[in-house]
Amino acid sequence: ELVSGFKQVAMDRTSAQRRSFKLLEFLNDTYLTLTPTFRRTTIKVCIECSEDIELNSYPGPLGQVITNLLNNTLIHAFEPDASGLVFIRAHVDNDQVSIRVSDNGMGIAPDHLGKIFDPFFTTKLGKGGNGLGMHIVHNIVSGLLGGSISVQSTLGEGTCFTVLLPLTAPVTHTE
């Protein structure tokens, strides 16, 4: 089961093909690829998603979005050796799925919030951040996946990214 999960994530990442997939299985497989990184920390990831949510979309690019959001929690949300919680919660509302990735970390300074999706904006230059991750995430979500992404944060309390996606991604010119 582990090997097939890794294989599916690897195939999705290299092909960027559209297909139907169960969101919970996809989130579990995506997190599975990151468990070696999270295992070295005291940060716990909890996934809450109904088993029946199905998308017809691009799992490879969506996997890149989820991976970047989770990696950002390690780089930005918590001090080294700090304990913390990260929640991935998904639910369907009409023809959209809402995927919220939230943490109970340090939060984002109010003057940084408006710059989060700007290219090359980082507070960790030279310390694990290049300022492109969230810009790429924004472009994937609002472009290929046909959705939107927003961020809310309170200093000292944590951050929540909300990704809203159609259950069926828009048709691209290459299909």
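Student: So a pocket is an open set of points on a 1 Å grid over the protein atoms alone, where a 1.4 Å probe fits, with protein on both sides within 12 Å along at least five of seven lines, and lining residues have an atom within 4 Å of a point. Which residues lie nearest the centre of the second largest one?

Tutor: T41, L74, E79, P80 and D81, out of 13 lining residues. Two elements, β2 (42-49) and α3 (59-77), each give two or more residues to that lining. Just keep in mind that this is a predicted model, where local features need pLDDT of at least 70, side-chain atom pairs need 80 or more, and totals for chains, interfaces and linings use all residues. Residues are numbered from 1 along each chain, and side-chain values use heavy atoms, without hydrogens or water.

Student: How much space lies in that pocket?

Tutor: About 230 Å³, taken as the space filled by probe spheres set on the points, which are joined across faces, edges and corners.

Student: New topic: how many helices and strands are there?

Tutor: The protein chain has 5 helices and 7 strands, from DSSP runs (H or I, at least four residues; E, at least two). Starting at the N terminus, the order is α-β-α-β-β-α-β-β-α-α-β-β.

Student: And how many aromatic pairs?

Tutor: There are 3, counting ring centres within 6.5 Å (planes under 30 degrees apart are stacked, over 60 edge-to-face, the rest tilted). F21 and F26 have ring centres 5.2 Å apart and planes at 50°, so they are tilted.

Student: Is F21 buried or exposed?

Tutor: Buried, at 4% relative accessibility; F26 is buried too, at 6%. The cut-offs are under 20% for buried and over 50% for exposed, with partly exposed in between (1.4 Å probe, protein chains only). Of the 175 residues in the protein chain, 43% are buried.

Methods. Phe/Tyr/Trp six-rings, centres within 6.5 Å; stacked < 30°, edge-to-face > 60°.
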